[in-house]
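Reader: I have a model open and would like to learn how to read its features. Could you take me through a few of them?

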Amino acid sequence: MKTLRTEVAVIGAGTAGMTAYRAASTGGKKTLLIEGHVYGTTCARVGCMPSKLLIAAAEAAHALQAAPAFGVHPGPVRIDGKAVMARVRSERDRFVGFVVESVDGYPAEDKLHGHARFLSPTRLQIDDHTLVEAERFVIATGSTPIVPDEWRAAGPRVITSDDVFDWDDLPDSVAVAGTGVIGLELGQALARLGVRVTVFGRGGSVAQLSDPDVLEVARRAMADELDVRFKTKLVRVVAGADGLAVTSEDADGAQRTEQFSYLLSAIGRRPNVHKLGLENTGLSRDHQGIPFFNPQTMQCGDSAIFIAGDADNERPQLPEAADQGRIAGDNAARHPAVQPGLRRTPLTIAFTEPQIATLGASYKELCASQAGRFAVGKVSFENQGRSRVMLQNKGMLRVYAEYATGRFLGAEMIGPRAEHIGHLLSWACQAGLTVSAMLDMPFYHPVVEEGVRTALRDLAHQLANAPAHDCACIDCTPAP
């Protein structure tokens, strides 16, 4: 077994790991990038890019179905599943190629392939071929989709989002477990492409929403188009000759067994930290085995080990992985003189239709930290001008601000053009703007953003008429 010595070792070559490698190298440190799987980020291979390719095809199909409402009547629509998936795979491979090409450009001596495991706070073993001794480390090992053992026992037709994009053709039917971003995005896209889809949710959650008013609107909007069954759990999955028998149980205990070609498990992802030998580092860890870390510096305790990306389970999104990787790499290079890095305003978008966006402080977070000290404004998109013009008049936006200062704190929404409105409002939030200053900004006509102005005007009114003992949150205290 050979031994390599380096100043910084980065474990994982995804978005966070690649960014950390470049940051540490730019900081003047000899850096080794270790990858145990194939090169190419989760986003490019099985995440944001291939899913948006599938969604784009679904939007094209849906546009034809929606056209008659505008007086436009297309001819017979035929969805070629093989052609849809061929484009998804081809473009996916193109995006992955860009990532692999970037890694190929790194010096060969800076790359090492194999599974890394800590032997001590300063040593790694890579498979059975190499020992790595380093002064500082960055853990950027990503995450893996969760599939319960009892479902996995039903065989290869129980899949995750990682498997969808390798299909050669669209299946006849798919059961989707989970009403998070992945489950709803893929479930709606497949349904619009002619696949029989049922989405099961154990509770009443929709994507990342926590505001009860927006949640209720979102549940109705999703149920208008999709077969979504909230408060329904899967109790049994059995393999058959040509599919799966999936048994579900609703809130009243009633069970129902249905046949599906596949079961897509979209109930979350698990950080890849369990096989890293972290017990040999001396780091304190939480109940999931993730080391406790400072989210401003990405430093684990006071050690020379840093963590970034999905491995820390804080904000599992590509922009956050890149930011965390940069901070971790910078601080690994300058350790022990670590410094806080730039953490941007949280922004999460689900590319369903209507789209879902949350930004800044969520309703749930504000209820926990600022109960009684924040105001809420809102707008419905049902009668918003541009939204009605486009026949996309579904949804609600709720905006939050601090009573004492009028400072804008965040928003949750489901509605048209949410990906753009989310950016607009997150910039205002990060800039620390007040609601008054936001209302001084230009608004064109007719645009969906006029709905933002309506919500801000309502918020300004609430701020100007603050009750003496107001609490915007639902009372969840025990009854007498």
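Reader: Let's start with the second largest pocket. Which residues lie nearest its centre?

Author: The general idea comes first: rolling a probe the size of a water molecule over the atoms shows where empty space is left. In this predicted model, the second largest pocket is lined by 31 residues, and H62, R192, E353, L391 and Q392 are the ones nearest its centre. The space inside the second largest pocket comes to about 670 Å³.

Reader: Which element gives the most to the lining of that second largest pocket?

Author: Helix α3 does, with six residues. At least two lining residues come from each of α3 (48-66), α7 (181-192), α8 (212-225) and α12 (418-430). In character, the lining of the second largest pocket divides into 14 nonpolar residues, eight polar and nine charged.

Reader: Now the annotations. Where does UniProt place the feature "active site"?

Author: An unreviewed UniProt entry puts "active site" at H445. In the model, H445 sits in the loop between α13 (435-439) and α14 (450-464).

Reader: Is H445 buried or exposed, and what does its side chain contact?

Author: The way to decide is to compare the relative accessible area with a cut-off, and exposed means over 50%. H445 has a relative accessible area of 56%, so H445 is exposed. Its side chain makes a polar contact with the side chain of E450, at 2.9 Å.

Reader: Which residues does UniProt list for "binding site"?

Author: The unreviewed entry lists K52, T141, G142, S143 and D310. They span 259 residues in sequence and their farthest two C-alpha atoms are 23.8 Å apart, so these residues do not all gather at one spot. One of them, G142, is in the loop between β6 (130-139) and β7 (143-145).

Reader: What about S120: buried or exposed?

Author: The same kind of reading works here, with buried meaning under 20%. S120 has 16% relative accessibility, so S120 counts as buried. S120 belongs to strand β4 (residues 116-120), and a polar atom of its side chain lies 3.2 Å from the backbone nitrogen of R123.

Reader: And V176: where is it, and is it buried or exposed?

Author: V176 is part of strand β9 (residues 173-177). Its relative accessibility is 0%, so V176 counts as buried. If you would like a distance to try on your screen, the C-alpha atoms of V176 and F293 are separated by 34 Å, with the two positions 117 residues apart along the chain.

Reader: Last topic, please: how many aromatic pairs does the structure hold?

Author: A pair of aromatic rings is described by the distance of the centres and the angle of the planes. The structure holds seven aromatic pairs. Among them is the tilted pair of Y21 and Y106, at 4.5 Å centre to centre and 35 degrees between the planes. This pair links distant parts of the chain, 85 residues apart: Y21 is in helix α1 (residues 15-26), while Y106 is in the loop between α4 (81-104) and β3 (111-113). Both Y21 and Y106 are buried.

Author: An edge-to-face example is the pair of Y363 and F374, with 6.1 Å centre to centre and 80 degrees between the planes. Y363 is in helix α10 (residues 363-369) and F374 in strand β20 (residues 374-380), 11 residues apart. Y363 and F374 are both buried.

Reader: Which residues form one aromatic cluster?

Author: Y363 and F374 do so together with Y400.

Note on methods: Residues are numbered from 1 along each chain as its sequence is written. This is a predicted model: local features need pLDDT of at least 70, side-chain atom pairs count only at pLDDT 80 or more; totals for chains, interfaces and linings use all residues. Side-chain values use heavy atoms; hydrogens and water are left out. On a 1 Å grid over the protein atoms alone, a cavity is a set of points where a 1.4 Å probe fits but cannot get out, and a pocket is an open set with protein on both sides within 12 Å along at least five of seven lines; lining residues have an atom within 4 Å of a point. Grid points are joined across faces, edges and corners, and a volume is the space filled by probe spheres set on the points. Helices (H or I, at least four residues) and strands (E, at least two) are DSSP runs, numbered from the N terminus. Ala, Val, Leu, Ile, Met, Phe, Trp, Tyr, Cys and Pro count as nonpolar, Asp, Glu, Lys and Arg as charged, and the others, Gly among them, as polar. Buried means under 20% relative accessible area, exposed over 50%, partly exposed in between (1.4 Å probe, protein chains only). A polar contact is a pair of N or O atoms within 3.5 Å; within protein, one must be able to donate a hydrogen and the other to accept it, and residues adjacent in sequence count only if both atoms are side-chain atoms. UniProt positions are given in the numbering used here, feature names are shortened, and annotations may be inferred rather than shown by experiment. Rings of Phe, Tyr and Trp (its six-membered ring) pair if their centres lie within 6.5 Å; planes under 30 degrees apart count as stacked, over 60 as edge-to-face and the rest as tilted.
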